[in-house]
Amino acid sequence: MKFREKIYKTAAKIPRGKVTTYKALAHAINSKAYRAVGTAMNKNPHWPKVSCHRVINSDGRVGGFAEQFRGREKSSKSVTRAKLGVSGVKKKIALLRKECVEVINGKIDLKRFRYKL
DNA sequence: GCTTTGACTCTCG
DNA sequence: TCGAGAGCCAAAG
């Protein structure tokens, strides 16, 4: 099975109202490819079967979401951090809130909503 | 097949 | 405590 398939399969197990992190997801499939997890989610071909909006950053931030705007401007590593909280992120937050996940200022309380894989 | 890029994370100043 | 830089692995060009 390919890495991506494993990721999708694992992500699909996340129940409604819970979230997990890219780190945890990568760890769950015995990999350290945190970034690859994000890449796989970005190209997610199984929406909405695989709810990629339930996958967030390790610090509780929502991170990014490829709704329609993708790869705008030059995105180097440092720029990526600066533009957190734009574009499709709002949509992602809305989806999470619909599942009763508390999102405060683009952040989620991992202590309460993290799903143990 | 090598280089670049990315919805990330960790470490150091 | 916070910002910048380096490192990580896969996928796409």
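**Exercise 1.** Does H53 count as buried or exposed, and what is its relative accessibility?

*Solution.* The structure is a predicted model, and the residue should first be placed along the chain: H53 is found in the loop that runs between α3 (34-42) and β2 (55-56). The next step is to compare its accessibility with the cut-off, which sets buried at under 20% relative accessible area. Because the relative accessibility of H53 is 5%, this residue counts as buried.

**Exercise 2.** Identify the residues that surround H53, and find the polar contact made by its side chain.

*Solution.* Once neighbours within four places in sequence have been set aside, H53 is in contact with W47, F65, K92, L95, L96 and E99. Of these residues, E99 is then singled out, since a polar contact of 3.2 Å joins its side chain to that of H53.

**Exercise 3.** Classify N30 by its accessibility, and state how far it lies from F3 in sequence and in space.

*Solution.* N30 lies in the loop between α2 (22-28) and α3. The cut-off for exposed is over 50%, and N30 is therefore exposed, with a relative accessible area of 76%. Along the sequence N30 and F3 are 27 residues apart, while their C-alpha atoms are 9.8 Å apart in space.

**Exercise 4.** Describe chain A as a whole, starting from its secondary structure.

*Solution.* Chain A has 6 helices and 4 strands, and these follow the pattern α-β-α-α-β-α-α-β-β-α when read along the sequence. Of its 117 residues, 34% are buried. The chain exposes about 7800 Å², of which carbon and sulfur atoms supply 52%.

Definitions and conventions: Residues numbered from 1 in each chain as written. Chains lettered and ligands numbered in written order. Predicted model: local features only at pLDDT ≥ 70, side-chain atom pairs only at ≥ 80, totals over all residues. Heavy atoms only, no water. Helix = DSSP H or I, 4+ residues; strand = E, 2+ residues; numbered from the N terminus. Buried < 20%, exposed > 50% of the residue type's maximum accessible area, 1.4 Å probe, protein only. Areas by Shrake-Rupley, 256 points an atom, 1.4 Å probe, with all protein chains shown as cover. Polar contact = N/O pair within 3.5 Å; in protein donor to acceptor, adjacent residues only side chain to side chain. Contact = heavy atoms within 4.5 Å.
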